[in-house]
Amino acid sequence: MGLLIVGNGPGGVELAKQLSDEYEVTIIEQEDLPYYIKPMLSHYIAGTVKKEKLFPYSLEWYENKGIELRLETKAEVIDRARKKLITSAGELPYDLLVIATGARPREPMIEGKENLMPLRTLRDAEKIKQLVENKGDVLIVGGGFIGLELAGNLSKAGYRVKLVHRGSNLLGLDNELTELIIEELASKGVEFYLNANVLKADREGVFTEKGYIEGRVKICAIGIIPNKELALKSGIHAGRGILIDERFRTSARDVYAIGDCAEYNEIICGTAKGAMGHAKVLANLIRGEEDRYAFEFRSTVFKFGDFPIAIIGETKGDGNWLDDKTKVFLKEGKVVGAVIIKDVKRALELERKIKSRVSINEL
């Protein structure tokens, strides 16, 4: 049986690892590089991680695992009737096809947007790294996890960092937790400009509703757009992302989607951990084992410089501090979420208990 995977990111590679002993696995990838760890790009830019550490798997690793990796190959359209993928290098047959094309950075719709750089690929990171080392100060537009990781790592490395965010809260957290993140990063030198919509950018900075903010190196991290074009060209249903059911099936027979390109019940996973989780569950389903991914349950750990934070489950509504590092959230007397600062080793244990819907007294 031939398993064809479009995309060599965390979801695609994890699925290939899981099933390479059981299927003839081929990965199609537009880039010219083997898999690299994108969440570590901010560490590479800051100089705390060497380039070679971004690559956990060599080309020989793919060969030894029996995975055929086709780099610099673009997937054009899926011929669903003939079960063939049309690529820039010819046609490839498949028994099962998995779209794992990920997402790309959201582009700001403003004048001067060419002065703002995205961060999604190693090429982006190399360009930013060179500019940061030459100019020494950075302006980041966007207060999501990519922007905050960049801010934390670059300030830790001694660069001057400004962060501009259009809202008043970070990561969808409440005012109190937002303040904790701001205080921690501000103590390391990060300057925050909240409730500041960027209206225009030029070579020396950005114009916002709160005035002009200078920044010679300007990085835009305002979210992602799922790469759904292959599905759309192939007549497969899509919304914000490629629409899937609870078993990762698309509207096309024997075609699945995982990771940032996939949308389940209006949910886009948005993290490498989520994409790998998708892959592990889909591998079990393909093997004929019953499994289900908890799409609605958020669980992730970020590290902003020297400040780690874990976000688990729902983090809205009634919040209670268990201690000075753990805030839990309740619904109908049950714990439905938690935010843990600094002591993130507790995250796994708390995640298990939260999934079991325990009361606060059982934590």
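**Exercise 1. Find the bridge partner of Lys 303 in β21, then place the pair in its sheet.**

Step 1. In β21, Lys 303 has Pro 308 as its bridge partner. The model is a predicted one.

Step 2. Look at the two strands. β20 and β21 (residues 307–313) are joined by six bridges and run antiparallel.

Step 3. Widen the view. An open sheet of five strands has the order β20-β21-β24-β23-β22, with antiparallel pairing.

Step 4. Check the edges. β20 (299–304) and β22 (318–321) each have a single partner strand, so one side of each lacks a neighbour in the sheet.

Step 5. Add the twist. Ignoring direction, neighbouring strands of this sheet are turned by 20° against each other on average.

**Exercise 2. Decide how covered strand β9 is, and which way its residues point.**

Step 1. Strand β9 spans residues 137–141, and five of its five residues are buried. Buried here means under 20% relative accessible area.

Step 2. Sort the side chains. Asp 137, Leu 139 and Val 141 point one way from β9. Val 138 and Ile 140 point the other way. Both groups are buried.

**Exercise 3. Name the strands that pair with β9 and trace the link to β10.**

Step 1. Start with strand β10 (residues 160–164). β9 pairs with β10 in the parallel sense over five bridges.

Step 2. Pick out residues. Val 141 stands opposite Val 164 in β10.

Step 3. Follow the chain. From β9 the path goes through helix α5 (residues 145–156) to β10, a right-handed β-α-β crossover.

Step 4. Turn to strand β15 (residues 217–220). Four bridges join β15 to β9, and the two run parallel. Ile 140 stands opposite Ile 219 in β15.

Step 5. Return to Ile 140. Its bridge partner in β10 is Leu 163.

**Exercise 4. Assemble the sheet that holds β9 and add the helices on it.**

Step 1. The order is β11-β10-β9-β15, an open sheet of four strands with parallel pairing.

Step 2. Find the edges. β11 (190–193) and β15 each have a single partner strand, so one side of each is left without a neighbour in the sheet.

Step 3. From one strand to the next, the twist averages 20°.

Step 4. Add helix α4 (residues 122–135). α4 packs on the sheet and touches β9 and β15. The direction of α4 makes about 145° with that of β15.

Step 5. Add helix α5. α5 lies across β9, β10, β11 and β15, and runs at about 165° to β10.

**Exercise 5. Is Glu 14 buried or exposed, and which residues does Glu 14 touch?**

Step 1. Locate the residue. Glu 14 sits in helix α1 (residues 10–19).

Step 2. Apply the cut-off. Glu 14 has a relative accessible area of 6%, so Glu 14 is buried.

Step 3. List the contacts. Leaving out residues up to four places away in sequence, Glu 14 touches Met 276, Ala 279 and Lys 280.

**Exercise 6. Describe the whole protein chain and test its radius of gyration against a compact globule.**

Step 1. Count the elements. The protein chain has nine helices and 24 strands.

Step 2. Run the test. For 363 residues, a compact globule would have a radius of gyration near 21 Å; the chain has 21 Å, so the two agree.

Step 3. Give the extent. The C-alpha trace spans about 55 × 55 × 35 Å along its principal axes.

Step 4. Check the cover. Of the 363 residues, 51% count as buried. The chain exposes about 17000 Å², and carbon and sulfur atoms supply 47% of this area.

Step 5. Check the contacts. Among those with a separation of 6 or more, 57% come from residues 24 or more positions apart.

How values were computed:
Residues numbered from 1 in each chain as written. Predicted model: local features only at pLDDT ≥ 70, side-chain atom pairs only at ≥ 80, totals over all residues. Heavy atoms only, no water. Buried < 20%, exposed > 50% of the residue type's maximum accessible area, 1.4 Å probe, protein only. Pairing = 2+ DSSP bridges. Right-handed = clockwise from strand over helix to strand, strands pointing away. Axes fitted to C-alpha atoms, helices over the stretch in contact; angles between N-to-C directions. Contact = heavy atoms within 4.5 Å. Rg over C-alpha atoms; globule rule 2.2 N^0.38 Å. Areas by Shrake-Rupley, 256 points an atom, 1.4 Å probe, with all protein chains shown as cover.
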